Amino acid sequence: MEAKAQARYVRVTPMKARRVVDLIRGKQASEALAVLQFAPQGASEPVMKVLQSAIANARFMADRDATAFDESSLVISEAYVDEGPSMKRFRPRAQGRASKILKRTSHITVLVSQETDENAKGGTR
């Protein structure tokens, strides 16, 4: 079973968000939440919200299908950050000039899946 959550147009630069997502990729969901809770980066809060949403989506899908749900067996199978649209702003500069400022946005996606037995025994993840 896989569950996906996505946050779009998040006001954090994709480069900074990718640093945070790289910390949690491939980890257990509960361990990743603990890592994000104490990460000093500002992008860790929106990534944590997306991960919590993906866990809630997995719980909902298990309830809908009437299957057993074990949150401790959830693993982050995919996590990536795509670039969203940039807001263009202008700053006044010396001698009457203006310079462009790009306020970048991100699309954060997290996919969680239940860990299978062959993966738990040392198979490839």
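1. Let me start with the sheet. In this predicted model, three strands form an open sheet in the order β1-β5-β2, and the pairing is antiparallel. The edge positions belong to β1 and β2, each of which pairs on one side only. From one strand to the next, the twist averages 15°. As general background, strands of a sheet pair through backbone hydrogen bonds, in either a parallel or an antiparallel way.

2. The bridges are worth a look in your viewer. β2 and β5 run antiparallel and are joined by nine bridges, while seven bridges join β1 to β5, also an antiparallel pair. How buried is β5? Of its nine residues, eight are buried, so β5 is largely enclosed by the rest of the structure.

3. A few bridge partners help to fix the register. Isoleucine 76 has valine 112 in β5 as its partner. Isoleucine 108 in β5 is the bridge partner of alanine 7, and isoleucine 108 is also the partner of valine 81. If you want one residue from which to trace the pairing, I would pick isoleucine 108, given its bridges to alanine 7 and to valine 81.

4. Now the core. The largest nonpolar core holds 27 residues, and Val47, Leu51, Ile76, Val110 and Val112 have the most contacts inside it. Two or more residues come from each of β1 (2–10), α1 (14–24), α2 (29–37), α3 (44–65), β2 (74–83) and β5 (106–114). Which element gives the most? That is α3, with six residues. In soluble globular proteins, nonpolar side chains tend to be buried together. Ile76 and Val112, both listed among the core residues with the most contacts, are also the bridge partners mentioned above.

5. Next, how α3 sits on the sheet. α3 lies across β1, β2 and β5, and runs at about 145° to β1. Within the core, Val47 is one of the residues with the most contacts. Setting aside residues up to four places away in sequence, valine 47 touches Val20, Val21, Ile24, Leu36 and Ile108. The last of these, isoleucine 108, is the β5 residue that bridges to alanine 7.

6. The helix pair α2 and α3 deserves its own point. Two packed helices are described by the angle between their axes and the distance between the axes. Here α2 and α3 pack at about 160°, and their axes are 9 Å apart. That angle makes α2 roughly antiparallel to α3, because angles over 145 degrees count as such. The crossing of α2 past α3 is left-handed. Which residues meet across this pair? On the α2 side they are Ala29, Ala32, Leu33, Leu36 and Gln37, and on the α3 side Ser44, Val47, Met48, Leu51, Gln52 and Ile55.

7. Leucine 36 is a good residue to centre on. Leucine 36 is in helix α2 and counts as buried, because its relative accessibility is 1%. Apart from neighbours within four places in sequence, leucine 36 is in contact with Val20, Ile24, Ser44, Val47, Met48 and Leu51. For a sense of distance, the C-alpha atoms of leucine 36 and arginine 64 are 29 Å apart, with their positions 28 residues apart along the chain.

8. Two loops flank α3. Glutamine 41 is in the loop between α2 and α3; with a relative accessible area of 23%, glutamine 41 is partly exposed. Leaving out residues up to four places away in sequence, glutamine 41 touches Arg19, Val20 and Leu23. Glutamine 41 and alanine 7 are 18 Å apart, C-alpha to C-alpha, and 34 residues apart in sequence. Alanine 68 belongs to the loop between α3 and β2, and at 70% relative accessibility alanine 68 counts as exposed. The C-alpha atoms of alanine 68 and methionine 87 are separated by 45 Å, although these residues are 19 apart along the chain.

9. Finally, two backbone angles to check. Where is tyrosine 9? Tyrosine 9 lies in strand β1, and has a positive phi of about 60° although it is not a glycine. Glutamine 95, another residue other than glycine, has a positive phi near 60°. Glutamine 95 is found in the loop between β3 (87–92) and β4 (98–103). Is glutamine 95 buried or exposed? Its relative accessible area is 72%, so glutamine 95 is exposed.

Conventions:
Residues numbered from 1 in each chain as written. Predicted model: local features only at pLDDT ≥ 70, side-chain atom pairs only at ≥ 80, totals over all residues. Heavy atoms only, no water. Core = buried A, V, L, I, M, F, W, Y, C linked by side-chain atoms within 4.5 Å. Buried < 20%, exposed > 50% of the residue type's maximum accessible area, 1.4 Å probe, protein only. Helix = DSSP H or I, 4+ residues; strand = E, 2+ residues; numbered from the N terminus. Contact = heavy atoms within 4.5 Å. Pairing = 2+ DSSP bridges. Axes fitted to C-alpha atoms, helices over the stretch in contact; angles between N-to-C directions. Parallel < 35°, antiparallel > 145°, perpendicular 65-115°, else oblique. Left-handed = near helix turned anticlockwise from the far one by under 90°.
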